[in-house]
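Work through the exercises below with the structure in view. Try each task before reading its solution.

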Amino acid sequence: MSKYVYPPVASRIKGLIHAGRFIKNPIGIIDGALKEYGSTYTFFMGGVQKAILTTDPKAVRHVLQKHHKTYEKSAIVTDILGKYVGHGLLTATGDYWLRQRRLIQPGFQKQRIESLRLLMQTEVDRCMKGWEQKAKSKQPFDAYEEMNQLTFRIVASTLFSTSLEEHGLLHLSELISTLQDFIIREVRQPYKRWWFKISGKIRQHLEMASGAREVIRAVIQDRKREQNKPDDLLTMLLESVYEDTGEGMDDEQLIDECLILFVAGHETSANALSWMIYLLGKHPDEMRRIKAASEPTRSVLLRNVIYETLRLYPPGWVVDRISLTVDQVLTYTLPVDTMWMIYIRGMHRNPSYWEVPDNFVPDRWSDPHLNKEAYMPFGAGPRLCIGEHFAMMEMELILSDILRLWDFQLLAEVVHEKPLVTLRPDEPILISIRSASR
Ligand code: HEM
């Protein structure tokens with residue numbers, strides 16, 4: 001008899017039958033399995049490797065927080081992502097990650113991030129100015145496209161204090177989005193990796209990654225020559241020194257971390273903001289309430305919308321870990337190398353923890369007794385998102401200005417989720433806007 005005790009095992013045959021659908025969009029299949037087997041179940045990844053999926057916050061905290069030392073990020077994403085975007089905070093593991101985290105963390109504390117507000121606001125103003133033209137032309141447009149560009153511009157300006165038009169950064173934005181699309185294909189279609197290799201696609205994308213690094217290298221070299229350094233994230237990265245050596249990062253490390261901030265920091269916020277626009281478009285009463293409110297109520301209502309959107313559509317919808325030792329989690333005993341899929345989206349909709357879990361109810365966040373145990377949009381434990389305060393300030397600024405300046409109407413009927421590395425909308429979030437009636 002096996003000494004290991006696994007959670008209920010999902011049918012391997014069903015898994016194989018649905019493999020095609022699973023690759024395209026796993027959410028429906030996972031949600032079906034959760035109903036059948038409960039909040040923690042075993043499945044066969046790719047039909048072979050046993051893995052555990054959970055939406056149980058106790059199991060999640062065990063893996064991400066309480067016993068984090070015996071769990072590591074899996075190679076699936078870190079190796080493929082790392083191959084193209086280098087070994088920065090998001091992709092690094094072990095001692096190297098810890099050293100980098102200690103070095104960079106102080107720059108992302110709430111007070112430090114506050115100093116970036118003006119840079120962010122300048123980019124928001126520029127975007128809203130562009131929307132004046134859209135309002136005049138009455139042409140519907142895709143809010144996701146707009147949010148994606150805006151959040152990229154915000155990372156560029158808070159990192160380098162320059163607009164996207166300077167330093168060839170527009171090219172960087174194209175390179176990064178092409179790379180991200182390819183990375184997703186490599187993660188999702190492992191059976192095509194041989195083809196990507198022999199057709200030269202991998203080489204071609206590695207060259208793009210080198211191109212992206214060169215753009216960043218040039219910015220760093222220019223900055224090192226500058227006398228009066230601006231108060232931005234690059235200056236923070238350049239001035240941070242390791243506790244043990246008193247020295248800073250070398251150029252390759254700096255490039256790694258800058259590239260990672262672009263990748264981790266723009267699409268996540270863009271997705272969240274797009275889903276906010278979608279949900280408010282679907283719930284015009286909520287929108288009207290915010291527009292009619294005055295401070296401080298307005299800020300509370302805005303925050304509630306952000307929290308509730310991150311609950312329903314968490315951009316980091318799944319987080320993975322692999323165990324480094326045999327471990328007992330809940331009532332199960334699992335071997336070393338057990339793969340964990342922490343299904344954040346499912347935990348946020350787990351009916352044991354949330355009332356009407358699939359409904360958009362921003363007001364639940366005003367309840368002082370709300371149980372937030374099953375809420376982790378920014379992850380948990382030592383690898384918690386370093387950009388949490390950055391993202392919250394950014395989303396508040398953007399949502400607040402959109403609602404202050406515009407009345408918008410959602411033209412898209414139903415927008416489905418496209419779960420890639422982040423949870424994107426699968427169809428355009430078409431809206432039409434006109435100046436806000438006062
Ligand atoms: C709504 C916006 C965002 C969401 C929902 C989000 C979510 C997450 C989650 C769930 C993780 C943990 C992944 C894991 O444990 O495996 C993470 C890590 C990370 N995030 Fe975010 N993120 C957001 C915005 C940002 C922004 C704006 C930045 C940077 C400017 C950023 C930078 C990072 C980095 C560098 C990591 C890796 C941290 C580490 O492992 O030490 N994120 N994020």
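The model is predicted. It holds 30 salt bridges. The exercises look at some of them, then at a surface patch.

**Exercise 1.** Classify Glu132 and Lys129 as buried, partly exposed or exposed, and find how far apart they are in helix H8.

*Solution.*
1. Start with the contact. The side chains of Glu132 and Lys129 form a salt bridge, 3.0 Å from N to O.
2. Place them. Both belong to helix H8 (residues 117-137), three residues apart, so about one helical turn separates them.
3. Classify Glu132. Its relative accessible area is 36%, so Glu132 is partly exposed.
4. Classify Lys129. Its value is 53%, so Lys129 is exposed.

**Exercise 2.** Decide whether Arg349 and Asp358 are buried or exposed.

*Solution.*
1. Arg349 and Asp358 form a salt bridge, with the closest N and O atoms 3.1 Å apart.
2. Buried means under 20% relative accessible area, and exposed means over 50%.
3. Arg349 has 14%, so it counts as buried.
4. Asp358 has 52%, so it counts as exposed.

**Exercise 3.** Locate the salt bridge between Arg288 and Asp285.

*Solution.*
1. The closest N and O atoms of Arg288 and Asp285 lie 2.9 Å apart.
2. Both residues sit in helix H15 (residues 284-292), about one turn apart.
3. Both are exposed.

**Exercise 4.** Which residues make the nonpolar surface patch of about 400 Å²?

*Solution.*
1. Trp194, Trp195 and Ile198 make the patch.
2. Take Trp195. It lies in helix H11 (residues 193-198).
3. Trp195 has 42% relative accessibility, so it counts as partly exposed.

Definitions and conventions. Residues numbered from 1 in each chain as written. Predicted model: local features only at pLDDT ≥ 70, side-chain atom pairs only at ≥ 80, totals over all residues. Heavy atoms only, no water. Patch = residues over 30% accessible without salt bridge, like charges linked within 9 Å, V, L, I, M, F, W, Y side chains within 5 Å. Areas by Shrake-Rupley, 256 points an atom, 1.4 Å probe, with all protein chains shown as cover. Salt bridge = Lys/Arg side-chain N within 4 Å of Asp/Glu carboxyl O. Helix = DSSP H or I, 4+ residues; strand = E, 2+ residues; numbered from the N terminus. Buried < 20%, exposed > 50% of the residue type's maximum accessible area, 1.4 Å probe, protein only.
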